[in-house]
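Hello,

Here is the structure I promised to pass on. Please open it alongside the notes below.

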Amino acid sequence: MTRRWPVVSFDAGGTLLEPWPSVGHVYADSAASLGLGPVDAQALNQQFAAAWRRPSAGTFDYSRSAWADIVARSFAGLVPQPDSPDLFHDAYARFTHPSAWRVFTEVRTTLQTLRDAGVRLVVTSNWDERLPRLLTDLELAPYFEWIAVSAELGFHKPDSRCFQAVTTRLGVSAEQILHVGDSLREDIEGARAAGWSAVQICRRSPTHASADALRSLQELIPQVLGPDRAATN
Ligand SMILES: [Mg+2]
């Protein structure tokens, strides 16, 4: 039997892992460590989310200066100097550590099952140079043939060039790749525009979920390997 997708690509944030306990909690720890606390984690979460929702966030380039702007907006009104370089550097560094992240519970078993069946796995992520090291420290990197980081490619999802770089690197045709991610715009629309198949992962009950969205990555296994999960080539 010929498998429909010999390659599966994963988004990272919201698909494999999430900030833990939340971005606001990690930022609050930064403030406390610098003697600026206590700062309310939920207030930080709300301002962080608002910073991401700004229209200009669609052109976010994952550079340190772009992150510094997000951090400053998140802390606005909550500390005396929200654009403090020390505060930014501490917050930025905390997200390089595994302790600031949680890998979703089904991720490792799903990746292992797909790898054992001979499926080639990659990450295609809007992230910066911190991601490969983070995935190594979380013991996820060995599952993946390549960790494609948008800031290193120079193109961010949904830009087709980001997906095309992966297609070229793997030496396969676009229709041989299934991408899974949590963002309709970046992951689903972006991947499909590049000729890939795509399926959304939607663990909570978001308003923008596609009808065929997965609730768990485990649901990928029958889709990729067949309903009996026993396909071998
Ligand atoms: Mg994501």
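**Helix packing: α1 and α4**

The axes of helix α1 (residues 23–33) and helix α4 (residues 85–94) come within 9 Å of each other and cross at roughly 135°. The two helices are therefore oblique to each other. Their crossing is right-handed. Keep in mind that this is a predicted model.

Which residues in α1 and α4 meet? On the α1 side they are Val26, Tyr27, Asp29, Ser30, Ala31 and Ser33. On the α4 side they are Leu87, Asp90, Ala91 and Arg94. By class, this contact has 5 nonpolar, 2 polar and 3 charged residues.

**The sheet**

Next, the strands. There is an open sheet of 5 strands, and its pairing is parallel. Reading across, the order is β5-β4-β1-β6-β7. The edges are β5 (146–149) and β7 (197–200), each of which pairs on one side only. From one strand to the next, the twist averages 20°.

At the β7 edge, the neighbour is β6 (residues 177–181). Strands β6 and β7 run parallel and are joined by 4 bridges. One residue pair to look up: leucine 178 has serine 197, in β7, as its bridge partner.

**A helix across the sheet**

At the β5 edge, look for helix α6 (residues 130–137). Helix α6 lies across β4 (120–125) and β5. Its direction is about 145° to that of β5.

Best regards

Notes: Residues numbered from 1 in each chain as written. Predicted model: local features only at pLDDT ≥ 70, side-chain atom pairs only at ≥ 80, totals over all residues. Axes fitted to C-alpha atoms, helices over the stretch in contact; angles between N-to-C directions. Parallel < 35°, antiparallel > 145°, perpendicular 65-115°, else oblique. Left-handed = near helix turned anticlockwise from the far one by under 90°. Contact = placed C-beta atoms within 7 Å. Nonpolar A, V, L, I, M, F, W, Y, C, P; charged D, E, K, R; others polar. Pairing = 2+ DSSP bridges.
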